[in-house]
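Got your viewer open? Load the model, colour it however you like, and let's walk through it together.

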Amino acid sequence: MKYILVTGGVISGIGKGIIASSVGTILKSCGLHVTAIKIDPYINIDAGTFSPYEHVVPHITDAIQEWVVKQAKVPVDDDDVEPQVCVIELGGTVGDIESMPFIEAFRQFQFKVKRENFCNIHVSLIPQPSATGEQKTKPTQNSVRELRGLGLSPDLIMCRCSTALENSVKEKISMFCHVEPEQVICVHDVSSIYRVPLLLEDQGVVSYLSRRLNMPIETRPRRMLTKWKEMSDRSDRLLEHCSIALVGKYTKFSDSYASVIKALEHSALAISHKLEVKYIDSAYLEPCTLQEEPVKYHEAWQKLCSSDGILVPGGFGVRGTEGKIHAINWARKQKKPFLDANSTEFDPESKYPVVIDMPEHNPGQMGGTMRLGKRRTIFKTSNSVLRKLYGDTEYVDERHRHRFEVNPELKSHFEEKGFRFVGQDVEGERMEVIELDDHPYFIGVQYHPEFTSRPIKPSPPYLGLLLAAAGKLQSCLQKGCRLSPR
């Protein structure tokens, strides 16, 4: 197993995630099996209770080294082959007090797995003050010095800058950070993040990692990278637009819905449309807002009514729930394409409990008691729109994260009105997918389809939403949902 640790310096949000995924992409295009781990060094007893306004932590663990080794071996591709390379993104900035235990763990880890199996990519900032226009290297020098002082030595220094790195600046970084010039990589601002893997490829990152980690790399033309380049070129020349109203509770901070936005972008790109996301705080759609803040109320409804499609992502708690229901009701009556990804809670004292607590969930606890991870959904009908979007398969495996479910006792009452539960869990007890008859696209899913969306392979529920919003769903379904590579 080869391990590539991606760290960051100078500022947070510098693009470590994009660098990590781009490295994984170009290595995967070489025929290697690649997996990835994201570690966020935030101190909290239960990551499942974090508000998106604070931070979302994928995993908190004590024995981090053993966990990394174990997790890296888990197959992530359809062929169930054990990965050969694990790209690890360590969140935060080098020097943060929260990241110290993780830095120390990886300092020890590099000796445990041997030098030829471990390398470090450090992402740093090259500021360019407008007053002088000169690219400054001092922040990078200080960041690398601090990283070395903590026991990690960067093999590649990836420099984030607004314009291409000047040769003199690259040589200066090479000299004062004790690396060869080929180990200094320029990652300047580009038209689309999908250009970043191509940028790294052009600067010889694959050949360097191949030598440094002694990895077998295929020499034949890489079909995946060719597809990636075609997709990047297409993203730069999009002319048609498609607007999606995102009705949620955390819309003040767009990163709260990062996975959802990316899934929408993947689908919009697949149908050659430029995406416009209209963020709507669901609470602003509620009648009480009309009385208290009428301007916000009317602005929210104007955004909703002028959108081509509507998406309601998952959310916990009561706040904003009524607003979501108003948006869903409007989408249903106005025949607007609609996707509801996940569930939410309602009044526990309700006389008509449509959404109920799952039997295994302990209401006294939070976070770790949720129904988490990959679960199988069985399609119960052959004429389901979502089933066709998935390629007319009998079942799908998607990731879940919820505590509540549709009350199975009310299933027949809904279906009498054309509200069909077309997907259920393996036991047939939980409702996983709903579709509404006589509607261009009205889909609700219990799982999070955005988690499995990829740029070259968009999530089917999101793809269906964008196709319907662009007026192309029926023609696509008639073709068997095969999109043109161009």
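Here is a tour that begins with the whole chain and then stops at a few places in it.

A word on the ground rules: this is a predicted model, where local features need pLDDT of at least 70, side-chain atom pairs count only at pLDDT 80 or more, and totals for chains, interfaces and linings use all residues. Residues are numbered from 1 along each chain as its sequence is written, and side-chain values use heavy atoms, with hydrogens and water left out.

**The whole chain**

Start with a cartoon view of everything. The protein chain has 16 helices and 17 strands (DSSP runs numbered from the N terminus, H or I with at least four residues for helices, E with at least two for strands). Of its 486 residues, 50% are buried (under 20% relative accessible area, while exposed means over 50% and partly exposed lies in between, using a 1.4 Å probe and protein chains only). Switch on the surface: about 23,500 Å² is exposed, and carbon and sulfur atoms supply 52% of it (Shrake-Rupley method, 1.4 Å probe; for residues, only the protein chains shown count as cover). Look at contacts too (heavy atoms within 4.5 Å): among those between residues at least 6 apart in sequence, 74% join residues at least 24 apart.

**Stop one: F106**

Select F106, which sits in helix α3, residues 100–112. Is F106 buried or exposed? F106 is buried, at a relative accessible area of 2%. Show its surroundings and, leaving aside neighbours within four places in sequence, you'll find F106 in contact with L5, I39, I64, V68, I88, F118 and L152. Now add L90: its C-alpha is 9.9 Å from that of F106, and the two are 16 residues apart along the chain.

**Stop two: G95**

Move to G95, in the loop between β3 (85–90) and α3. G95 is partly exposed, with a relative accessible area of 30%. Beyond its neighbours within four places in sequence, G95 is in contact with M100 and E146. Try a C-alpha distance to S143 as well: G95 and S143 are 48 residues apart in sequence and 8.4 Å apart in space.

**Stop three: a helix pair**

Next, pick α11 (residues 294–305) and α12 (residues 321–333), which pack at an angle of about 35° with their axes 11 Å apart. Those axes are lines fitted to C-alpha atoms over the stretch in contact, and angles run from 0 to 180 degrees between N-to-C directions. The crossing of α11 past α12 is right-handed (the near helix is turned clockwise from the far one by less than a right angle; anticlockwise would be left-handed). Show side chains: W301, L304 and C305 in α11 meet H326, A327 and W330 in α12. By class, this contact of α11 with α12 has five nonpolar residues, one polar and no charged ones (Ala, Val, Leu, Ile, Met, Phe, Trp, Tyr, Cys and Pro count as nonpolar, Asp, Glu, Lys and Arg as charged, and the others, Gly among them, as polar).

**Stop four: two backbone twists**

Select V10, in the loop between β1 (2–8) and α1 (16–28). V10 has a positive phi of about 75° although it is not a glycine. Then jump to K335, in the loop between α12 and β10 (338–341), where phi is near 60°, again positive in a residue other than glycine.

**Last stop: cysteines**

How many disulfides does the structure hold? Zero (a disulfide being a pair of cysteine sulfur atoms within 2.5 Å). Select C186 and C161: the sulfur of C186 has its closest cysteine sulfur in C161, 3.9 Å away, too far for a bond. C186 is buried at 7% relative accessibility, and C119 is buried at 1%.
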